[in-house]
Amino acid sequence: MSTIDRRTFVRAGLALAGTGLLTACTPGEIRAPLILPTSPRIGEVEARRRTTGRTHDFRFTAQAAQVDLGGPQVTTWTYDGSVPGKEIRVRAGDVIQAELANRLPADTTIHWHGLALRNDMDGAPPLTQDPVAPGDSFSYRFIADTPGTHWLHPHSGTQLDRGLYAPVIVEDPADPGGYDHDWTVVLDDWIDGTGTTPDEVLTRLRQGAGGMGSRHGMGGGTTLGGDVRYPYYLINGRVPAAPVTFTARPRQRARIRFINAASDTAFRIALGSHRMRVTHTDGFAVRPVDTDTLVIGMGERYDVTVTLGDGIFPLIALAEGKGATALALVRTAVGTPPPASILPAELDGELLPYDRLTPVEHVRLPAKAPDVEHRLDLTGGMMSYDWGINGLPFDHAQRLLIREDQRVRLTIRNRTMMWHPLHIHGHTFQLGDTGPRKDTVIVLPGRIATCDLAADNPGQWMIHCHNTYHHETGMATILGYEA
Ligand SMILES: [Cu+2]
């Protein structure tokens, strides 16, 4: 019997429902029957999803490999020997069938970040499946009906801070297109194989040895620095000295899909000599808005379109507060590429805040008062490295209880001195009354994010900070559907 079958009853935070007013969760112990990943309800909901009936077979072998980062050679953990892993690309409604073979010396799984999929395929062990042991394999099979730019990665320990990640693009048949190129840009901060493993980073952070010396301000004195100083920052697995080059012709239009797969780094991204038209965040369309630069937190995605000029342009990702960059090149003409150290003026130009992002009509949640509201205070600090939610570290027996078809409000208050990118599995929320649909939201110190979601995907779902080290030390909880 799997561990999840035995956990039919759990302790849970008591939620006060019904009024739509702000009602605090009272910590308490109640016993509630839950809709588990093994529940027949999961298959019933899957049967309701629209599918094309087309199935795509993929195979991922999680394995150690030596990887060339464009100069630095590192031994790390990968999918099939490459960083990033190979991109998955399907059409909305297609079935993804993916076999994960684990040849790592540790348990692993695949989490499908951004996809509102069936709960038993979410890859969050031990909540939604048993971990896949070394030498074992697991078959994921689900309808991918969430169009957009998504990605996959493990949900075990610090594995994400190795090379285990890959883009998952779910094309939208309703997308108007209008671009000549479709490029995926995966950002990462890199330390594994350079003399320190992510597990050793975690140990040092727990000993209070972390902390960035130079946090640098952004937008009103807030800080978006991190806890870890990395030797390298990568775009598509390459250091700036050996950048990936995207080629096109002048005046062509390119769609660029940015994915931040880093563990502890927000990036400020820009394309030199261009403005970017932001069309989607976390896979969901927004009213197109132009900007010079934008900040992307760990786990977030942005799609932009650009009309390309004539020349060779730096596609730059400045590691916020860390004084380093990742780089790719966009080339539409012959010539000499810019130096690896280039900092285009756009990085200091107009910066896109969340409140300039509004969802297009068909992705906006219909206005509705919340049936249930949960407060998540983000707590803890650098010195004690005791990140948590509501003052407590992650507890597998805790639940934020909801029911199917409820409108749920999560009020996320950052009571720490650090910023946190909060991520929810299996759902997207609307930020505030009129904000974008997202699954990952940056919450700055002292700030509150109000996240409304439709409880339409029953099961047990992780909510956690997408800083790998904050997640691993306890900034996580579970949204649990009651039966
Ligand atoms: Cu965090």
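What volume does the second largest cavity have? I put this down as my opening query. I am working on a predicted model. The answer came out at about 40 Å³.

**Entry: second largest cavity**

I listed the lining next. L410, I412, L422, H423, I424, F429, V441 and I463 line the second largest cavity. Two elements, β27 (407-414) and β28 (420-424), give two or more residues to this lining. β28 has the largest share, three residues. I then sorted the lining by class. Seven residues are nonpolar and one is polar. I found no charged residues there.

**Entry: cavity count and the largest cavity**

How many cavities of 30 Å³ or more are there? I counted four. The largest cavity holds about 120 Å³ of space. From the stretch H153 to S156, I noted H153, P154, H155 and S156 in its lining. G157 and L160 belong to the lining too. The remaining lining residues are H464, C465, H466, T468, H471 and E472.

By class, I logged three nonpolar, eight polar and one charged for the largest cavity. β33 (460-465) and α3 (468-473) each supply at least two of the lining residues. α3 has the largest share, with three residues.

Where does the largest cavity lie relative to domain 1 and domain 3? I checked which domains contribute. Domain 1 (49-171) and domain 3 (364-482) both give residues to the lining, so the largest cavity lies between them.

**Entry: cysteines**

C465 had turned up in the lining of the largest cavity, and I looked at its sulfur. How many disulfides are there? I got zero. The cut-off is a sulfur pair within 2.5 Å. The closest cysteine sulfur to that of C451 is in C465, and it is 13 Å away, so the two are too far apart for a bond.

Are C451 and C465 buried or exposed? C451 is buried, at a relative accessible area of 1%. C465 is buried as well, at 0%.

**Entry: largest pocket**

I moved on to the open space. The largest pocket has a volume of about 1300 Å³. It is lined by 48 residues, and P147, D172, F284, H362 and V363 are the closest to its centre. I sorted this lining by class too. It divides into 16 nonpolar, 16 polar and 16 charged.

Which element gives the most to the lining of the largest pocket? I found β19, with four residues. Elements that supply at least two residues each include α1 (40-48), β5 (88-91) and β10 (166-171). β16 (253-260), β18 (276-281) and β19 (284-291) are also among them.

Terms used:
Residues are numbered from 1 along each chain as its sequence is written. This is a predicted model: local features need pLDDT of at least 70, side-chain atom pairs count only at pLDDT 80 or more; totals for chains, interfaces and linings use all residues. Side-chain values use heavy atoms; hydrogens and water are left out. Buried means under 20% relative accessible area, exposed over 50%, partly exposed in between (1.4 Å probe, protein chains only). On a 1 Å grid over the protein atoms alone, a cavity is a set of points where a 1.4 Å probe fits but cannot get out, and a pocket is an open set with protein on both sides within 12 Å along at least five of seven lines; lining residues have an atom within 4 Å of a point. Grid points are joined across faces, edges and corners, and a volume is the space filled by probe spheres set on the points. Ala, Val, Leu, Ile, Met, Phe, Trp, Tyr, Cys and Pro count as nonpolar, Asp, Glu, Lys and Arg as charged, and the others, Gly among them, as polar. Domain bounds come from an automatic or database domain assignment.
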